[in-house]
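Student: I'd like a close look at one part of this protein, with the neighbouring spaces described around it. Could you walk me through it slowly?

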Amino acid sequence: MSDHGPLSFSPLPNAEAPKACRRCPRLVALRKSLRAEEPKWWNAPVPAFGDPGASLAVVGLAPGKEGANRTGRPFTGDASGELLFATLTKFGFVDGTFRNDPDDGIALRGAIILNAVKCLPPENKPTAAEIENCRPYLAKALKGLPELTVILALGKIAHDSIIRLSGAKLATYKFAHGAKHDLPDGRILLDSYHCSRYNVNTKRLTVEMFEDVFRLAQSLSQ
Ligand code: SF4
């Protein structure tokens with residue numbers, strides 16, 4: 001497990017939250033209690049992972065307890081990343097072999113992974129205030145990607161946060177799996193159900209459905 005702060009390895013160091021960010025008291029308290037229970041875990045805001053020259057940004061919800069919150073790399077360490085990295089690999093965005101471990105040495109090419117909320121929320125459910133508190137970091141990350149053309153939102157929370165920061169109206173841009181939205185700044189937002197273990201196990205999101213969204217994302221981001 002790395003003890004480095006996010007600035008030392010983030011592809012977007014100027015967009016990261018400080019490791020001791022205190023904007024969300026409930027999430028800060030959870031980080032603190034987990035740090036006491038599991039001192040070797042990351043237990044801090046999770047930085048972006050990927051290519052600062054990305055044309056595709058994948059935006060998830062928030063770190064999972066034993067995934068990114070433990071390892072410090074988005075979608076790494078639990079089941080949530082298996083479908084995402086398998087699909088990123090299939091579409092040529094991964095250099096190396098994903099082993100669900102931050103030390104597997106992979107790199108993303110043309111893609112970057114961000115989260116709408118950078119700290120672990122209880123039961124994976126951030127409050128509206130927490131999503132709002134973290135939105136400036138998401139905004140900074142998206143602003144800091146000069147080649148970005150397509151944003152893929154994994155789930156409604158990521159979708160809504162991106163729409164809000166774009167200045168558009170949620171009523172005009174509704175979340176729907178497979179939907180394509182033209183954002184006011186010229187970028188494209190695609191929606192997918194989140195690739196969580198629950199959604200995969202219940203077949204709300206199948207491999208084929210996820211690959212169809214990535215096929216579209218790849219064609220639009222080239
Ligand atoms: S969720 Fe975001 S805004 Fe809230 S404490 Fe963590 S880094 Fe800060």
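Which backbone atom lies 2.8 Å from a polar atom of the side chain of Thr71?

Tutor: Happy to, and please keep in mind that this is a predicted model. The atom you are asking about is the backbone oxygen of Thr76, 2.8 Å away from a polar atom of the Thr71 side chain. Thr71 itself belongs to helix α2, which covers residues 68-71. Its side chain has a second backbone partner to look at: the backbone nitrogen of Arg73 lies 3.3 Å from a polar atom of the Thr71 side chain. So the side chain of Thr71 has a polar atom 3.3 Å from a backbone nitrogen and a polar atom 2.8 Å from a backbone oxygen. Is this residue buried or exposed? Thr71 counts as buried because its relative accessibility is 9%, and the cut-off for that label is under 20%.

Another side chain can be read in the same way. Asn115 sits in strand β5, residues 111-115. Its relative accessibility is 8%, so Asn115 counts as buried too. A polar atom of the Asn115 side chain lies 3.5 Å from the backbone nitrogen of Leu61.

Leu61 then takes us to the largest pocket. That pocket has a volume of about 750 Å³, and 29 residues line it. Leu61 is among those nearest its centre, together with Asn124, His194, Ser196 and Arg197. Two elements, α5 (156-166) and α6 (197-201), each give two or more residues to this lining. The largest share is from α6, with 3 residues. By character, the lining of the largest pocket holds 13 nonpolar, 8 polar and 8 charged residues.

Finally, there is the ligand. The space it takes is the largest cavity, and 13 residues surround the ligand. Ala17, Cys21, Cys24, Cys119 and Cys134 are the closest of them. The elements giving two or more residues to this shell are α1 (25-37) and α4 (128-143). Of the elements, α4 gives the most, with 3 residues. The shell around the ligand divides into 9 nonpolar, 1 polar and 3 charged residues.

If you go back to the display, start at Thr71 in helix α2, then find Asn115 in strand β5. From there, step to the backbone nitrogen of Leu61 and on to the largest pocket, where Leu61 is one of the residues nearest the centre.

Note on methods: Residues numbered from 1 in each chain as written. Predicted model: local features only at pLDDT ≥ 70, side-chain atom pairs only at ≥ 80, totals over all residues. Heavy atoms only, no water. 1 Å grid on protein atoms, 1.4 Å probe; cavity = no way out; pocket = protein on both sides within 12 Å on 5 of 7 lines; lining within 4 Å. Points joined across faces, edges and corners; volume = space filled by probe spheres on them. Helix = DSSP H or I, 4+ residues; strand = E, 2+ residues; numbered from the N terminus. Nonpolar A, V, L, I, M, F, W, Y, C, P; charged D, E, K, R; others polar. Near = heavy atom within 4 Å. Sits in = over half its atoms within 2 Å of the grid points. Buried < 20%, exposed > 50% of the residue type's maximum accessible area, 1.4 Å probe, protein only. Polar contact = N/O pair within 3.5 Å; in protein donor to acceptor, adjacent residues only side chain to side chain.
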